[in-house]
Amino acid sequence: MVEVTVTPRSSLADRPVQLKVRGLSPSQLVTLRASLTDERGDCFQSRTFFRADGAGEVDPGHHAALGGSYTGIWPMGPFWFLQPDTLFRRLVKRDVAGSPFLVRLEVFDGLSMVTNPQEQPLASCEAERWYVGPGVQRVPIHEGRVRGALFLPP
């Protein structure tokens with residue numbers, strides 16, 4: 001049984017996570033897709049091609065991506081190389097304290113540039129990427145022409 005895991009599943013957006021795919025056939029070619037929908041409804045995704053090792057595992061921190069959104073060894077590559085589906089869109093988090101970005105990670109058999117609606121992933125999971133830690137207080141700043149926010153630790 002194929003599974004994709006993110007450890008930890010919930011983390012701050014600037015913290016590294018460990019991403020692993022297990023249960024593949026040795027040397028199997030797969031596509032790892034990371035995707036999210038921002039607060040405006042714009043979709044962002046990365047697609048990366050990997051060849052499973054002899055144990056049937058893929059780890060972007062130890063196995064080089066063969067192509068797609070990037071090549072080489074990038075432990076956080078699926079997250080760092082998210083691109084908008086619509087040109088000229090930027091990934092911006094407006095509600096930094098209220099909700100995380102939910103990044104969906106899916107593994108598909110073979111090399112897949114486009115996913116058909118009928119195509120089912122071999123495995124999937126979701127990762128929460130928060131921008132403000134628990135207990136952090138956000139204080140709006142309005143002083144003259146200066147606008148901003150002060151984030152105070154617990």
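A residue counts as buried here when its relative accessible area is under 20%. By that yardstick, 36% of the 154 residues in this protein are buried. Keep in mind that this is a predicted model.

Let's start with the overall layout. The protein has one helix and 11 strands, and reading along the sequence you meet them as β-β-β-β-β-β-α-β-β-β-β-β. The C-alpha trace spans about 60 × 35 × 25 Å along its principal axes. If you take the contacts with a separation of 6 or more, 53% of them join residues 24 or more positions apart. On the outside, the protein exposes about 9,100 Å², with carbon and sulfur atoms supplying 54% of that area.

Now for the empty space inside. Rolling a probe the size of a water molecule over the atoms shows where such space is left. Searching the whole structure turns up one cavity of 30 Å³ or more, and the largest cavity holds about 40 Å³. What lines it? The lining of the largest cavity is made up of Asp38, Glu39, Arg40, Arg90, Val92 and Arg94. In terms of residue classes, that comes to five charged, one nonpolar and no polar.

Another charged side chain to look at is glutamate 106, which sits in strand 8 (residues 101-109). Is glutamate 106 buried or exposed? Its relative accessible area is 7%, so it counts as buried. Its side chain has polar partners, though: there is a polar contact of 2.3 Å with the side chain of arginine 33, and another of 3.3 Å with the side chain of arginine 104. Leaving aside residues up to four places away in sequence, glutamate 106 touches Thr31, Leu32, Arg33, Pro121, Ala123 and Ser124.

Finally, a few backbone spots in the loops. The peptide bond from threonine 7 to proline 8 is cis, with omega near -5°; proline 8 belongs to the loop between strand 1 (3-7) and strand 2 (10-12). Then come two positive phi values in residues other than glycine. Serine 27 has phi near 65° and lies in the loop between strand 3 (18-22) and strand 4 (29-37). Its relative accessibility is 42%, so serine 27 counts as partly exposed. For phenylalanine 88, phi is about 70°, and its place is in the loop between strand 7 (83-84) and strand 8. Why does phenylalanine 88 count as exposed? Because its relative accessibility is 81%, and the cut-off for exposed is over 50%.

Technical notes:
Residues numbered from 1 in each chain as written. Predicted model: local features only at pLDDT ≥ 70, side-chain atom pairs only at ≥ 80, totals over all residues. Heavy atoms only, no water. 1 Å grid on protein atoms, 1.4 Å probe; cavity = no way out; pocket = protein on both sides within 12 Å on 5 of 7 lines; lining within 4 Å. Points joined across faces, edges and corners; volume = space filled by probe spheres on them. Nonpolar A, V, L, I, M, F, W, Y, C, P; charged D, E, K, R; others polar. Helix = DSSP H or I, 4+ residues; strand = E, 2+ residues; numbered from the N terminus. Buried < 20%, exposed > 50% of the residue type's maximum accessible area, 1.4 Å probe, protein only. Polar contact = N/O pair within 3.5 Å; in protein donor to acceptor, adjacent residues only side chain to side chain. Contact = heavy atoms within 4.5 Å. Areas by Shrake-Rupley, 256 points an atom, 1.4 Å probe, with all protein chains shown as cover.
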